[in-house]
Amino acid sequence: MLASTLLVGAVIAANPAFAQDANPASQPKTGIQSTDAAAPAAGISSQESAPPADASSTGEVVVTGTLIRNPNLISSSPVAVIGQEEIALRQSGNAESLIRDLPGVVASIGQNVNNGNGGASFVDLRGLGNFITRSDFSGMELNLSKGITEKGDGASTRADLTIGGNFADDKGNAVLSIGYQKSDPIYQGSRRISFNNYTSTSGGRGGSGTTVPGRFTVGSAQNALVPETGTLRPYVASRDGFNFNPYNVFQTPFKRYNLYAAAHYDVADNVQVYTRGMFSKNTVNTVIAPSGLFGTSALIPLSNPYLPATARAQFCAANPAYSFPGGGTPVLINRQLTAAECTAAASATSLSDPNFRAITTTIGRRSTEVGPRLSQFVTQIFDYHAGAKIGITNSINLDVSGGYGESENRQTQSGYVLASRARTALFATNTTSCLAASPAVTTVNASGQTVVLAAGGAGTNAGSGCVPLNIFGADGSITPNQIGYLTADSTTRQFASLAQARALLTGDFGFSSPLASEPVGFAAGTEYRKYKGSQSADTLSQTAGELGGAGGAVLNFNGGYEVVEGYGELIAPLIADRPFFRSLTVEAGVRYSDYKVFADNNPSYNTTTYKGGGSWEPFDGLKMRGNYQRAVRAPNIAELFSPSSVGLTNLAQDPCRTTATYAGPATNANLAAVCLGQGAPAASIGLIRNPTAGQPAATFSGSLALRPETSDSYTFGVVIQPKHFIPGLSITVDYYNISIRNAISQPLPGDAIDACFGQGVAAGGAVNVNAASASNPLCTVIRRNPVTGALDGDPATTGGLNFTPSNQGRILTDGIDLGANYRRDLGFTKLNLSFQGNWTNRSKFKATPISQYRECVGLYSSNCGSPGSAGPSSAAGSLQPAFTWNQRTTLTFGPADISLLWRHVGSMKVEDGVTAFAGTIGSGALAGEVVDFSKIKAYNYLDLATRIGVGDNLDFTVTVTNLLDKAPPIVGGTIGSTSFNSGNTFPSTYDAIGRRFQFGARMKF
């Protein structure tokens, strides 16, 4: 319910929490601060910040952190709450951006992610998050908002209408909410800091090796075309690389429609039936730089009409050449062509001509003429829930409910060059017609394996019909009449469903401890859930490397699992209102889960989780609390069922490279043997380059062998509310420690490199290999480009690093959460102060027993980020600062609020051993800028909001985000993972957009 207009609060808990209803009587009529002490104030608060509901409160109260429903009991679990007031002041367009600003929360895939955004948003939490909806809504509420950046881009619009009322003499209530939201893109080319891509290791202009003019292999060496002379010269990334930044976005455009309805009816004094339904249609349009031929190998006739004479001569002297005896199958000529043969082949335009020859080359040519790559994700979700609440006695209630929901995500990709059609369009000897479908050619590598050098091409009558392709020129050489054959839309579909049923018995036993007055509360229940998921794709998406720049194949799968659970909880007040024991409460819970996976042999497993905790108030105003919990996370459908496919990961330096300052395999025979064993051809030794744009290929997969991971967590804290000395003040301090063993995980890029080449190599350490390393499975599992020997290339032939999922991971994090809230009426104004801060002491991850136990608090690299997942969608990269906090100050003058939010992100530095540039940038939009990519100072943002109430039914809000227009830190574009290190910064953590304005109005009757 990310965009429901019934959203009143989001709860982030260190322990499980459940959906709740909020009392509408405690909410202000308009946007100004409520006078009700029980209403959540602006800022982030705790469940202790307001007193428990009294007997006069209306609406159901559910204690966060437990299933037990007693308005006078508070769980020992620490909880942070974002209330309606805070949401209104932020005017945030989506829940993801609101939640990720919580201290201690790690940003994940969201609206600010360019590459890797699949049309959905995520956040990485230490616990569970909830959305609390209003109950018994009666009346009408209309919310309108409009936003724009100071630069005039990134416009956003939102409109929500909620209508509700009681019926049948107030025995029932129904509510209907509809919403619309739209957000425009913000391109990286519109911001100075991101106009050019900069390499993080050198500070030079970087970019992709898929370029325009194109890049071609001459032998195994990469060469760039000079259109003016037709010459192929050695490729230099800082000179020849393609600057993809201007095409990419800092804000992903989307459009969303929502519908939410809920109702309940008291059929008897002790029986209530209820239902709710939700529908959402969300359209997300992601934009990335143009497609092209991304390391695609092709067979090109030497008589191709667009092939420059100089380049032809270079190909003849270095590249594999093929003859076509009798116009039939290509046959490799095991030598370079002579000058005379090359000249004769240049004029041989028929396959049957004895002089006809063709060469193979690996091509990196950006199709800027086609435009950017576009992916439209249309996600439709519906969810329906119904149930009955039965009062068995005055203190015992039964809640029986069931629900079903589906989610469908359809992706349509356009603007992609089809590799098979490009191969056929290159297999031409005139400018008007193509010879035939380009034939495939293979070779046998040093290990005796047959390797495809160039796959076959599509038929000449595919699409709009083959038109010979000119990739041997500058931007514009691919003409409009050539584009029609090259491109076609491709679609994929992801589907998920959840069916569930639950019976929950809650209440109390009717007795209490001899030293307490509140009875012992309990909850017991059972639940059934059935998860199903599938992925399907058309032939284009299922063919590895077919969509230029889309990565590996999207393969079909279908899977699911079901779980049956039984659980129980107790909260027992032991002592109350005694000397040194204003209260002493203990709690416990247990849950048994039985899983069955829908796969061959029906794998099954069961888990038992439990918790225990308590709180002690020696006197009014001071509470000490603690909680221990054993929890599990079962593998999701993607982690279980995803087929093996090739995608991209991040790695700045390849141990098999050779550069001016690093000889690598050129002088190390053992290292050369390892590179050859990984599939590099002998001719490539001494010529291998680092992955283009720091993005090597990687093979990902799910695994049915995965089992639930297990965590042990505990918290200890104190709550201080000195209401007799400082009325309105509440302070919470909690230490947390979470340890996960058997974590569902996969190796990081650095782990895969270090396992083969020696510990610390990925971070710049010396290579440590011996004669046996060439046959070590940890080395041979890495698969290289069969032409260039590099780790990047056509996903059909280059597997790259291998990320096998397992339960061998270990995760550990601990830290302290600090919250403070203070409200006071000063007479001339009402003052509200709130503070929520986090100190993360450790955030450690170890993917396998032989992997490095990596500490990433306050550090960034392609290996540091959010661990604990596996499969094609898993990636490290989000930043975890040691210190983060939010502090809000709100002053209310009659009907007006003025509120200032201070957001703090602690300092960061590059992971030890990682090379990072420091100095003066020499070229591009940032020329002359003095930078240090190895560290980021602490960042502080100020957001100002002003809200004015006009009567009881109307208020206006103006919010200025990033009031001081603070620019983001500059670290280059290759120092972290591509999903999060984009536009030379980390846009999910830092504000890359600049100052922006949001104008909102709310009308309520």
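Reader: Among contacts between residues at least 6 apart in sequence, what share joins residues at least 24 apart?

Author: In this predicted model, 73% of such contacts in the chain join residues at least 24 apart. The secondary structure comes to twelve helices and 49 strands, and 56% of the 1005 residues count as buried.

Reader: What makes F700 and F803 an edge-to-face aromatic pair?

Author: Their ring centres are 5.3 Å apart and their planes meet at 65°. Ring centres must lie within 6.5 Å to pair, and planes over 60 degrees apart count as edge-to-face; F700 and F803 therefore satisfy both conditions. The pair links distant parts of the chain, with F700 in strand β33 and F803 in strand β36, 103 residues apart. Both F700 and F803 are buried.

Reader: Why is the pair of F828 and F893 called tilted?

Author: The angle between the planes of F828 and F893 is 40°. Stacked requires under 30 degrees and edge-to-face over 60, so the rest, this angle included, count as tilted. The centres of F828 and F893 are 6.5 Å apart. This pair also links distant parts of the chain: F828 is in the loop between β37 and β38, F893 is in strand β41, and 65 residues separate them.

Reader: How do you know whether F828 is buried or exposed?

Author: F828 has 61% relative accessibility. Exposed means over 50%, so F828 counts as exposed. For F893 the value is 35%; this falls between the 20% limit for buried and the 50% limit for exposed, so F893 counts as partly exposed.

Reader: What makes R657 a charge over the face of Y662?

Author: R657 is at 3.8 Å from the ring centre of Y662. The distance limit is 6 Å, so this part of the criterion is met. R421 likewise lies over the face of Y485, at 5.7 Å from the ring centre, a value that is also within 6 Å.

Reader: How do you know that β43 and β46 pair, and in which sense?

Author: Strand β43 (residues 908–910) and β46 share two bridges in the antiparallel sense. A pair of strands needs at least two bridges, so the requirement is met. One residue of β46, K935, is the bridge partner of K909.

Reader: Why do β40 and β46 stand at the edges of their sheet?

Author: The open sheet has three strands in the order β40-β43-β46, with mixed pairing. Strands β40 (859–860) and β46 (935–936) each have a single partner strand, so one side of each is left without a neighbour in the sheet.

Conventions: Residues numbered from 1 in each chain as written. Predicted model: local features only at pLDDT ≥ 70, side-chain atom pairs only at ≥ 80, totals over all residues. Heavy atoms only, no water. Helix = DSSP H or I, 4+ residues; strand = E, 2+ residues; numbered from the N terminus. Buried < 20%, exposed > 50% of the residue type's maximum accessible area, 1.4 Å probe, protein only. Contact = heavy atoms within 4.5 Å. Phe/Tyr/Trp six-rings, centres within 6.5 Å; stacked < 30°, edge-to-face > 60°. Lys NZ or Arg CZ within 6 Å of the ring centre and 35° of its normal.
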